[in-house]
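This report describes how the parts of one chain are arranged, which spaces they enclose, and which local features of the backbone and side chains deserve notice.

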Amino acid sequence: MKLSSTDRLFVLTGAGISAESGLATFRGSGGLWNGHRVEEVATPEAWDADPLLVWRFYSMRRRDALAVQPNAAHHALAQLEQQLGDRFYLCTQNVDDLHERAGSHRIHHMHGSLFQSRCVRCNQPFADSAFYESAPLPTCTTCGSPIRPHIVWFGEIPLDMESIYAQLDRATTLLVVGTSGSVYPAAGFVHIARQTGTRTIYIGPEEPSNAASFDDIILGTATQVLPDFFDHPSSK
Ligand code: APR
């Protein structure tokens, strides 16, 4: 696909882009939630009921993410950012850091970051790659309140939706990669984009739930399709 020198690209990624690095998707077979029901580990209620279980789960995810490497699709997006500069915006639902490790800088983690934690009271996220798998669980050095994963759980509002919508509004192309299109608000970005005439493209091995709303569906895995998807975009 060709991008002109005035095109602005908004990329939305989901768990599928990290699948070929070896991280399980959520809803696929062998998906993360198969071993742990969502409500057990990724809701404020789960946190209230059993913070140790929640921390064990996110510690396991930290271990899994630390053990894998970015793949060709992560690298392709990092390269695209270098070429497009501020005409490129990457919004990911993923909490892993594989995009950053591939070299992406213009990236927003709308569902939080696996390698950040925050005090439930002070609310200030900080870098944290520790494993919390037994009591006592970490507490804030300032106020003594519990430290939780900096993850957006079900029922919580994704981070910085205002800048996401502002970027979506400016985009001329929305490229969505590896997400089932079943979790809102991200699943609704394609509807917003269409209202302003933005071209919408999906890349993944199977059709997402919101497939009918895309202009183009490219069936294939992220590493098969993304590296050669764009013709050398103009950097001006
Ligand atoms: N390349 C591209 N896409 C792939 C690949 C691959 N190699 N392998 C699988 N996929 C696709 C699947 O076809 C599926 O559509 O990735 C998608 C993964 O879907 P989900 O598991 O539902 O993950 P995602 O859409 O990112 O989930 C959204 O749900 O549980 C919450 O907060 C969590 O951010 C997550 C959100």
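## The interface between the domains

Between them, domain 1 and domain 2 bury about 910 Å², and 61% of this area is on carbon and sulfur atoms. The model is a predicted one, and its chain is divided into domain 1, made up of 1–22 + 70–111 + 158–236, and domain 2, made up of 24–67 + 113–151. Contact between the two involves 14 residues from domain 1 and 12 residues from domain 2.

The C-alpha centres of domain 1 and domain 2 are 26 Å apart. The count of salt bridges between domain 1 and domain 2 is zero, although a search of the whole structure finds six salt bridges.

## The largest pocket

Where does the largest pocket lie with respect to domain 1 and domain 2? Both domains give residues to the lining of the largest pocket, and therefore the pocket lies between them. Its volume is about 810 Å³, and the lining consists of 45 residues, with Ala15, Phe26, Arg27, Thr179 and Ser180 lying nearest the centre of the pocket.

Helix H1 (16–19), helix H5 (51–66) and strand S8 (199–204) are elements that each supply at least two residues of this lining. Divided by class, the lining residues of the largest pocket comprise 23 nonpolar, 16 polar and six charged.

## The cavity

A search of the whole structure for cavities of 30 Å³ or more finds one, and the volume of the largest cavity is about 50 Å³. The residues that line the largest cavity are Arg8, Leu9, Phe10, Asp86, Arg87, Phe88, Tyr89, Gln167, Arg170 and Ala171.

Strand S1 (9–13), strand S2 (88–92) and helix H8 (161–170) each contribute at least two residues to the lining of the largest cavity. By class, this lining holds five nonpolar residues, one polar residue and four charged residues.

## A salt bridge between separate parts of the sequence

Among the six salt bridges found in the whole structure is the one in which the side chains of Arg62 and Asp128 meet, with an N to O distance of 3.6 Å. Arg62 lies in helix H5, whereas Asp128 lies in the loop between strand S5 (126–127) and strand S6 (147–151), so this pair ties together parts that are 66 residues apart in sequence. Helix H5, which carries Arg62, is also one of the elements that supply at least two residues of the lining of the largest pocket.

## Backbone features in the loops

Which peptide bonds are cis, and where are the prolines that they join? A cis peptide bond joins Ala135 and Pro136, with omega about 0°, and Pro136 is found in the loop between S5 and S6, the loop that also holds Asp128. The peptide bond from Tyr184 to Pro185 is likewise cis, with omega near 10°, and the place of Pro185 is in the loop between strand S7 (173–177) and helix H9 (189–195).

A further backbone feature concerns Asn123, a residue other than glycine whose phi has a positive value, near 65°. Asn123 lies in the loop between strand S4 (112–119) and S5.

Terms used:
Residues numbered from 1 in each chain as written. Predicted model: local features only at pLDDT ≥ 70, side-chain atom pairs only at ≥ 80, totals over all residues. Heavy atoms only, no water. 1 Å grid on protein atoms, 1.4 Å probe; cavity = no way out; pocket = protein on both sides within 12 Å on 5 of 7 lines; lining within 4 Å. Points joined across faces, edges and corners; volume = space filled by probe spheres on them. Helix = DSSP H or I, 4+ residues; strand = E, 2+ residues; numbered from the N terminus. Nonpolar A, V, L, I, M, F, W, Y, C, P; charged D, E, K, R; others polar. Domains from an automatic or database assignment. Contact = heavy atoms within 4.5 Å. Buried area = accessible area lost by both parts, 1.4 Å probe. Salt bridge = Lys/Arg side-chain N within 4 Å of Asp/Glu carboxyl O.
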